[in-house]
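Let's take a friendly walk through this model, strand by strand. Please keep the sequence and the 3D view open as you read.

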Amino acid sequence: MNKWTVTGAIVLVAGLAYYFFAYDSPEKQIRKQFAVLAEKLEKQAEESPLITAGKAKTAADVFAYICTVDIPEYDIQKKITTKEMARHILAFKSRFVAVSVKYYDLSVELTGENRAVAAVTLETRAISTSGETEKDIREFECFLEKTEDGWKFYQINTVLESTVF
Amino acid sequence: MEPTYKDGGFNFCFKQRYFFSEPKRGDVVTVRLAGEKVMLLKRIIAVEGDTLAFEDGKLYLNGEQVDEEYVKYPSDWDLAERSVKKGYVYVVGDNRSVPMYSHHFGQTPLKRIVGGPLW
């Protein structure tokens with residue numbers, strides 16, 4: 001084996017290692033945004049109101065300045081600003097003592113330059129102040145665009161034709 | 001889907017169930033969401049072209065009341081008449097005692113039906 005073959009093999013391995021471990025592809029970046037959103041939507045049992053408010057604001061930061069939300073089963077069909085989104089998230093979290101969020105079957109498709117669409121099943125479990133557990137499972141279609149501050153959700157729809165799902 | 005299927009129970013999805021036939025009214029089917037990790041178990045109550053409505057918990061299909069023997073719990077659902085689109089079926093669970101807003105039901109494309117429960 002000559003030195004050029006060895007060098008080539010090393011470069012190839014280094015390239016693959018970089019791609020798999022260091023390079024943040026758009027898909028990886030979008031998946032990270034979903035992870036951030038889940039983390040900030042969640043609420044621990046002893047979370048202070050200040051932390052909850054801070055997490056609501058950070059969760060809202062993954063959305064574009066104006067995000068179109070279309071969830072007909074809850075009569076939500078409107079454009080929401082980041083500030084309004086933070087208020088809605090805070091109001092939602094304040095209703096519960098604890099909230100957990102889990103994604104299933106998250107798929108990301110790049111639809112154009114700096115645009116992507118993601119499909120996901122979202123499971124939310126929440127414990128109300130009266131101690132009851134509420135569970136919701138729903139599929140969403142999320143449209144994202146890449147901005148200077150990273151990927152932002154600019155539209156969210158529920159997918160299935162429904163009265164509820 | 002209670003009482004037909006126990007909430008939280010275990011079953012297998014029989015994917016070949018609709019290999020040679022189309023889903024029909026009354027069938028219990030598994031409906032996928034974004035992928036196949038989460039599936040809903042529902043009953044088809046109407047197929048494409050049908051109209052349906054609920055009045056005080058009773059199902060009206062194409063204008064006629066349907067006796068649903070699998071529905072065992074009392075229900076007070078009211079739902080205005082609607083038509084099932086081409087390529088869709090209308091699915092509902094058997095447990096209609098829960099409030100409508102917390103029950104997953106509605107029109108779903110046939111392509112989202114993965115199969116049916118094995119037993």
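In β10(B), which residue is the bridge partner of Cys13(B)? That partner is Pro117(B). Keep in mind throughout that this is a predicted model.

The pair just named belongs to the contact between β1(B) and β10(B), where two bridges join the antiparallel strands. Strand β10 of chain B covers residues 113–117. Both strands are part of an open, antiparallel sheet of six strands in chain B, and its order reads β1-β10-β2-β3-β8-β9. At the edges stand β1 (13–14) and β9 (106–109) of chain B; each has a single partner strand, so one side of each is left without a neighbour in the sheet.

Chain B also holds an open sheet of four strands, ordered β6-β5-β4-β7 and again paired antiparallel. Here the edges are taken by β6 (64–66) and β7 (79–83) of chain B, and because each has a single partner strand, one side of each lacks a neighbour in the sheet. From one strand to the next, the twist averages 25°. One pairing to look at in this sheet is that of β4(B), residues 51–55, with β7(B): three bridges join them, and Thr51(B) stands opposite Ser83(B).

Now turn to chain A. Strand β4(A), residues 115–128, is joined by 13 bridges to β3(A), residues 96–112, and by 13 bridges to β5(A), residues 133–147. Both pairings run antiparallel. Within the β3(A) and β4(A) pairing, Lys102(A) stands opposite Glu123(A). Within the pairing of β4(A) and β5(A), Val117(A) has Phe143(A) as its bridge partner.

Each of these pairings is a hairpin, and the table shows a residue with positive phi from each.

| Hairpin | Residues between the strands | Residue with positive phi | Phi |
|---|---|---|---|
| β3(A) and β4(A) | two residues | Asn114(A) | near 65° |
| β4(A) and β5(A) | four residues | Gly131(A) | near 95° |

Finally, how do the chains meet? On the side of chain B, 15 residues are in contact with 14 residues of chain A. The largest share of that side of chain B comes from β9(B), with three residues. By residue type, the side of chain B that touches chain A divides into eight nonpolar, six polar and one charged. Strand β9(B) thus appears in two parts of this tour: it stands at an edge of the six-stranded sheet, and it gives the largest share of the side of chain B that touches chain A.

How values were computed:
Residues numbered from 1 in each chain as written. Chains lettered and ligands numbered in written order. Predicted model: local features only at pLDDT ≥ 70, side-chain atom pairs only at ≥ 80, totals over all residues. Pairing = 2+ DSSP bridges. Contact = placed C-beta atoms within 7 Å. Nonpolar A, V, L, I, M, F, W, Y, C, P; charged D, E, K, R; others polar. Axes fitted to C-alpha atoms, helices over the stretch in contact; angles between N-to-C directions.
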